[in-house]
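Good morning, colleagues. Thank you for giving me a few minutes at this meeting; please look at the sequence and the structure as I bring them up.

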Amino acid sequence: MNAASRDPWQWRDLVRREIDLPRTVLELPLDDAVGRVVGAEVASPEDLPSTPIAAMDGFAVRRADLAAGSVTLPVSSEIPARPGAIGELARGTAARIMTGAPVPGGADVVVEVEATDADPFGPSPRTVTLSLQEVPAARRHIRGVGEEVSSGEVLARPGDRVGAGLVGLLRALGVETLPVERALAVGIVVTGDELVGTAGRAEVGAVRESNGEMLGAALRADGIEARAVHSTDTHADLTAALEEAAAHSDLVLTTGGIGHGAYDVVKTLLGERGSGGSRFEHLRLRPGGPQGFGHLADGTAVIHLPGTPVGALVGHHLFVRPLLVGERAAPRRVLRGAADPLPRPRRAGVLHALPGRLRHDSHGRECVDLLPGRRLAPYGRADAIVLLGGADGAGSPEAAGTVPEETVLILPL
Ligand SMILES: Nc1nc2c(c(=O)[nH]1)N[C@H]1C(S)=C(S)[C@@H](COP(=O)(O)OP(=O)(O)OC[C@H]3O[C@@H](n4cnc5c(N)ncnc54)[C@H](O)[C@@H]3O)O[C@H]1N2
Ligand code: MOO
């Protein structure tokens with residue numbers, strides 16, 4: 001790593017500027033749309049409620065028939081909350097009405113049962129006495145047409161997440177499908193002649209392949225389709241693996257083969273000694289220093305992550321995820337928890353990515369504790385990457401001014 005190496009926040013901005021992933025929108029049934037991103041503005045097809053509705057159990061009346069004090073009216077009808085046409089309220093009478101039932105024509109107030117002498121649970125009385133301190137305002141306890149949602153009103157915008165609230169709202173409006181972004185497909189090409197599967201006992205020098213499944217898990221957690229292919233350290237094999245991955249993907253990730261080694265095929269095939277479609281740099285980031293990105297021969301965007309599993313995981317969260325989920329990949333500040341249990345040497349100007357575990361303190365504030373352990377070991381229990389140090393260069397969230405000492409930036413895992 002040399003002094004001229006690039007700040008990781010600048011690299012993050014560069015990757016976001018240079019890589020634009022295709023977004024297409026499809027119409028899905030509500031059930032299948034849950035958890036996805038809204039792809040187009042959704043407007044209400046109708047008013048909610050579509051007819052005036054009682055907001056209280058009580059009696060629908062005409063204000064003109066009321067006066068402050070006690071008023072007794074004959075009860076002319078009973079309106080439970082169930083479908084069916086209802087007539088006009090006869091003048092000088094009250095209709096017993098239930099919450100959610102349509103208010104009869106002519107009625108402009110619902111008086112809650114508590115303000116009457118009626119037994120809420122008994123049969124409909126022949127007369128009812130209302131005890132009012134004053135004549136209620138017009139529309140009191142009546143939900144007017146379109147009061148909740150008016151026809152044409154925007155209910156969701158592109159970029160919103162489809163959650164239970166939107167599902168409930170659309171159901172209430174009779175909407176059955178929703179425009180959502182198509183799930184992106186990402187192909188993962190893992191390189192390394194030393195890599196073997198999980199079956200059997202590993203020979204000396206063999207390394208169990210873990211990046212493919214690990215990155216696949218991270219991608220699927222964001223609703224992205226992921227498929228891993230393995231390549232040996234030959235140009236021919238890597239070329240074939242990249243073509244295969246690109247054919248089915250919006251974005252290709254590679255892991256390994258981007259260091260300074262004699263067998264660093266990804267770099268030699270796609271870097272300046274090869275096709276030149278990708279650029280590689282060593283960032284002021286630890287782990288995850290070596291990074292790359294570019295476009296493959298068919299134009300598919302590619303991001304190159306280091307082979308070291310933690311470097312690949314950190315690279316994914318810092319540089320890949322912003323392309324896939326946008327602002328949801330932004331780091332956030334939380335309180336620092338207990339001191340670093342394993343103080344590690346830190347280099348000035350280098351952004352250190354460390355495993356952390358989030359919790360809430362006794363005041364309910366979110367804080368993060370660093371986990372002890374080396375390399376991937378602590379990530380078994382980590383739910384955050386803690387970002388310490390680094391420069392306050394352009395693009396860094398730190399550049400926005402001074403931040404409280406007791407807080408730290410994290411990327412949730
Ligand atoms: N002379 C230098 N050597 C290295 C430097 C450097 O600056 N100068 N940087 C080091 C850093 S930092 C990293 S990170 C690695 C990056 O190298 P590669 O991206 O080429 O990664 P590999 O050499 O292919 O693998 C590194 C390590 O990770 C294991 N690995 C790789 N792929 C997988 C996988 N899919 N599953 C599990 N484990 C994997 C691999 O066996 C190696 O142990 O370069 C350093 N060297
Ligand atoms: O930057 Mo590398 O990922 O430290 O080992």
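I shall speak about the two ligands, then the strands, and finally a few individual residues.

First, the conventions. This is a predicted model, in which local features need pLDDT of at least 70 and side-chain atom pairs count only at pLDDT 80 or more, while totals for chains, interfaces and linings use all residues. Residues are numbered from 1 along each chain as its sequence is written, chains are lettered from A and ligands numbered from 1 in the order in which they are written, and side-chain values use heavy atoms, with hydrogens and water left out.

Let me begin with ligand 1. There are 20 residues around ligand 1, and E194, E209, S210, I258 and G307 come nearest; a residue is near a molecule or strand if one of its heavy atoms lies within 4 Å of it. By class, this shell holds 6 nonpolar, 10 polar and 4 charged residues. Here Ala, Val, Leu, Ile, Met, Phe, Trp, Tyr, Cys and Pro count as nonpolar, Asp, Glu, Lys and Arg as charged, and the others, Gly among them, as polar.

Which backbone atoms lie 3.0 Å from an oxygen atom of ligand 1? A polar backbone atom of G257 does, and so does a polar backbone atom of G259. In addition, a backbone N or O atom of T308 lies 3.3 Å from an oxygen atom of ligand 1. A polar contact is a pair of N or O atoms within 3.5 Å; within protein, one must be able to donate a hydrogen and the other to accept it, and residues adjacent in sequence count only if both atoms are side-chain atoms. On its own, ligand 1 has 860 Å² of accessible area, of which the protein covers 67%. These areas come from the Shrake-Rupley method with a 1.4 Å probe; for residues, only the protein chains shown count as cover.

Ligand 2 is next. P287, G288, G289, P290, T308 and G311 are the residues around ligand 2, a shell of 2 nonpolar, 4 polar and no charged residues. A polar backbone atom of G288 is 2.6 Å from an oxygen atom of ligand 2, and for a backbone N or O atom of G289 the distance to an oxygen atom of ligand 2 is 2.7 Å. T308 appears again: an N or O atom in its side chain is 3.4 Å from an oxygen atom of ligand 2, whereas its backbone serves ligand 1 with the contact at 3.3 Å.

I turn to the strands. Helices (H or I, at least four residues) and strands (E, at least two) are DSSP runs, numbered from the N terminus, and two strands pair if DSSP finds at least two bridges between them. An open sheet of 5 strands has the order β7-β4-β6-β5-β8, with mixed pairing. Why do β7 and β8 each have one side without a neighbour in the sheet? β7 (109-112) and β8 (127-132) stand at the edges, each with a single partner strand, so one side of each is left free of a neighbour. On average, and ignoring direction, neighbouring strands of this sheet are turned by 45° against each other.

β4 (residues 58-61) pairs with β7 in the antiparallel sense over 4 bridges, and V61 has V109 as its bridge partner in β7. β5 (residues 69-79) and β8 are also antiparallel, over 6 bridges, with L73 opposite V128. By contrast, β5 runs parallel to β6 (residues 94-97), joined by 4 bridges.

Elsewhere, β20 (residues 301-305) has 5 of its 5 residues buried, buried meaning under 20% relative accessible area, exposed over 50%, and partly exposed in between (1.4 Å probe, protein chains only). A301, I303 and L305 point one way, V302 and H304 the other. β20 pairs with β16 in the parallel sense over 5 bridges, and with β19 (residues 290-295) in the antiparallel sense over 4 bridges.

Finally, some individual residues. S249, in the loop between α5 (235-247) and β16 (251-255), is buried at 14% relative accessible area, and its side chain reaches the backbone nitrogen of G187 at 3.1 Å. G216 belongs to helix α4 (residues 211-221) and is buried at 0%. At the N-terminal end of α1, D7 acts as the cap, with a side-chain oxygen 2.9 Å from the backbone nitrogen of W9.

Key:
Axes fitted to C-alpha atoms, helices over the stretch in contact; angles between N-to-C directions.
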